Amino acid sequence: LVWGEVTPEGTPASLTGSLAGNPARPAVVMSSVDATVALPNVAGFTVTVGLTIDGIQQPEQTVTLVGGPATFDALAAEITEGLTGVTVTAIDIDGNGQDDRFIFSTNRSGADQEIVVKTTGENSLVPSLGFPATATGSGSDIEFAERAFIVGDYLNAASVKSGSGEVQLTL
């Protein structure tokens, strides 16, 4: 090596990929098994949720159901109405035309969001919603779908040092 010379001369690198990422996502948990709720007989049952908003843990929320919803969509709406910062949705996971699972999600997005759907508590309806155990979900910040790569034949070694008989390359 000759100090200050690199042969062949380096080729400037370029980046491929996208600078646009996937948007931040809310914290989400979905029931892991089909719901077994006996509608409309849910009055007096409870749903308890723990929530972290922007990294700050919020007081636990418990909603006590008072209505007699006829559908899982109506039940999800009643639970959502009783909670702050949370949306509950009934979904048809197997495509048979009938809702059979529930999704709980935070209304805010980002990595500092967390939701905990708890199976504990007096008269908890959560196990019947398809949650055999307490479930936790975390949000995420913007994520890039494609990694950036360096493209080119050569990389120009900007700093070539010699010392103690060894050649050290700093890239």
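Over residues 167-171, how many contacts beyond four places in sequence does the model have? The model, which I should say at once is a predicted one, has 13 such contacts for that stretch, and pLDDT stays under 50 there. For residues 155-164, where pLDDT also stays under 50, the model has 19 contacts beyond four places in sequence. Taking the protein as a whole, the mean pLDDT is 83, and 73% of the residues reach 70 or more.

Let me turn now to the interior. The largest nonpolar core is made of 27 residues, and those with the most contacts inside it are Val 47, Leu 75, Ile 79, Phe 102, Phe 104, Ile 115 and Leu 129. Two or more residues each are given to this core by helix H1, residues 72-82, and by strands S2 (26-30), S3 (46-53), S6 (86-91), S7 (101-109) and S8 (114-118). The largest share, four residues, comes from H1.

If you would like one residue to follow in the structure, take Phe 102, which, not counting residues up to four places away in sequence, touches a list of residues including Val 29, Met 30, Phe 72, Leu 75, Ala 76, Val 88, Leu 129 and Phe 131.

I will finish with Glu 78, which is also found in helix H1. Glu 78 is buried and yet has no salt bridge, and the nearest side chain of opposite charge, that of Arg 101, is 21 Å away. Leaving aside neighbours within four places in sequence, the residues in contact with Glu 78 are Leu 65, Val 66, Gly 67 and Pro 69.

Technical notes. Residues numbered from 1 in each chain as written. Predicted model: local features only at pLDDT ≥ 70, side-chain atom pairs only at ≥ 80, totals over all residues. Heavy atoms only, no water. Core = buried A, V, L, I, M, F, W, Y, C linked by side-chain atoms within 4.5 Å. Buried < 20%, exposed > 50% of the residue type's maximum accessible area, 1.4 Å probe, protein only. Contact = heavy atoms within 4.5 Å. Lys, Arg positive; Asp, Glu negative; His and termini not counted. Salt bridge = Lys/Arg side-chain N within 4 Å of Asp/Glu carboxyl O. pLDDT = per-residue confidence, 0-100.
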